[in-house]
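Please look at the sequence and the structure shown below, and keep both at hand while reading this report on one helix and on the pairing of aromatic rings.

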Amino acid sequence: MRIGSNQISAPVMNAACSVAKTLADVKALCQTKAGIVLVGSITTLPREGNPEPRWFDGGDYALNSMGLPNPGAEFYKQALPKMRDMAHRAGKPLAISIAGHSLEDYLELAKLAAETEVDIVELNLGCPNVSDGGIISFNPQLISDIIAGVHGITDKPLFVKLSPYSNPEELAHIAGRIGESEKVTAVVTSNTFPNGFMMEGGKPVIKNELAGVSGRAMLPIGLGQVKQFRKLLPENIKVIGVGGVETKADTELYFQAGADMVQTATLIVRDGHAALNRLIST
Ligand code: DHB
């Protein structure tokens, strides 16, 4: 498969998560059979992330309220060229997942991506744990403005990662806008389901209490998002499925639902980067 000018060796990659931020993470991802190495999500300013505990393993689901811990744009200005070279030596394109609150945040990070010549830009519009001004996935005008603005800065392939939509009409409206923009290479569906809650021994398992739901429980939800987006988007826009992928059989389900690629994060947070290899034959 090709994405822009990049040859993709396998239709599986990591999703944005807490173990895709450092040079060591990139090195470990380069050593897997993943088709693309994704760094992020990153933000303009350094972030320590939310107070611990901020990740909970519930077995057939996970909860996270990481709060996008990352060393910020200044760090990535130095690190991204090294990360890109590392990925290229491993025969993989480097993608960067960028996150923010405003159009200006995304424009600043798109400039960083352009300057450091990363191969693919992913807009994380669905992180539920830092949403002071609301989750961007639910703001159609801001989605359109960010896509248009970022496209004005870089002509690299653009991935748009969205929250899962429980309202099919809302999903169709967003798919329509993205289809119209003619600037999006792939829709990545989907980020965590916002605001799950769990207690153990009478106490919330996550310090901030509400947290994004990921893992196995998201499999039918992720597949349903892929099925709907594939039907609604123009053929030239790829669909990348995320949610509950733990085995090669799960990736096959995503491909049957219409996905061109899959991403996974909970699996590698739990079992390490090399767990990606379980999803890829040869
Ligand atoms: C991160 C990003 C996410 O979208 C998410 O659901 C969890 C963590 C992160 O980059 O830290």
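Helix α4 covers residues 140-153, and because each of its 14 residues should add 1.5 Å, a span of 20 Å is expected, which agrees with the 20 Å between its end C-alpha atoms. The model in which this agreement is found is a predicted one. Within α4, the residues L142, I143, I146, I147 and V150 are buried. These residues cover an arc of only 135° around the axis, and therefore they lie on the same side of α4. An α-helix has 3.6 residues a turn, so residues three or four places apart point the same way. As for their surroundings, the buried residues of α4 pack against two helices, α3 (103-115) and α5 (168-181), and against two strands, β8 (120-124) and β9 (158-162).

The aromatic rings come next. The structure holds four aromatic pairs, and two of them are set out in this table.

| Pair | Distance of ring centres | Angle of planes | Kind |
|---|---|---|---|
| F56 and Y61 | 6.3 Å | 45° | tilted |
| Y165 and F229 | 6.4 Å | 55° | tilted |

In the pair of Y165 and F229, Y165 belongs to the loop between β9 and α5 while F229 belongs to helix α6 (residues 219-232), so the pair ties together parts that are 64 residues apart in sequence. Y165 and F229 are both buried, and together with F138 they form one aromatic cluster.

Are F56 and Y61 buried or exposed? Buried means under 20% relative accessible area, so F56, at 13% relative accessibility, counts as buried, and Y61 counts as buried because its relative accessibility is 17%.

Terms used: Residues are numbered from 1 along each chain as its sequence is written. This is a predicted model: local features need pLDDT of at least 70, side-chain atom pairs count only at pLDDT 80 or more; totals for chains, interfaces and linings use all residues. Side-chain values use heavy atoms; hydrogens and water are left out. Helices (H or I, at least four residues) and strands (E, at least two) are DSSP runs, numbered from the N terminus. The expected span of a helix is 1.5 Å times one less than its number of residues. Buried means under 20% relative accessible area, exposed over 50%, partly exposed in between (1.4 Å probe, protein chains only). The arc is that of the directions from the helix axis to the C-beta atoms. Contact means heavy atoms within 4.5 Å. Rings of Phe, Tyr and Trp (its six-membered ring) pair if their centres lie within 6.5 Å; planes under 30 degrees apart count as stacked, over 60 as edge-to-face and the rest as tilted.
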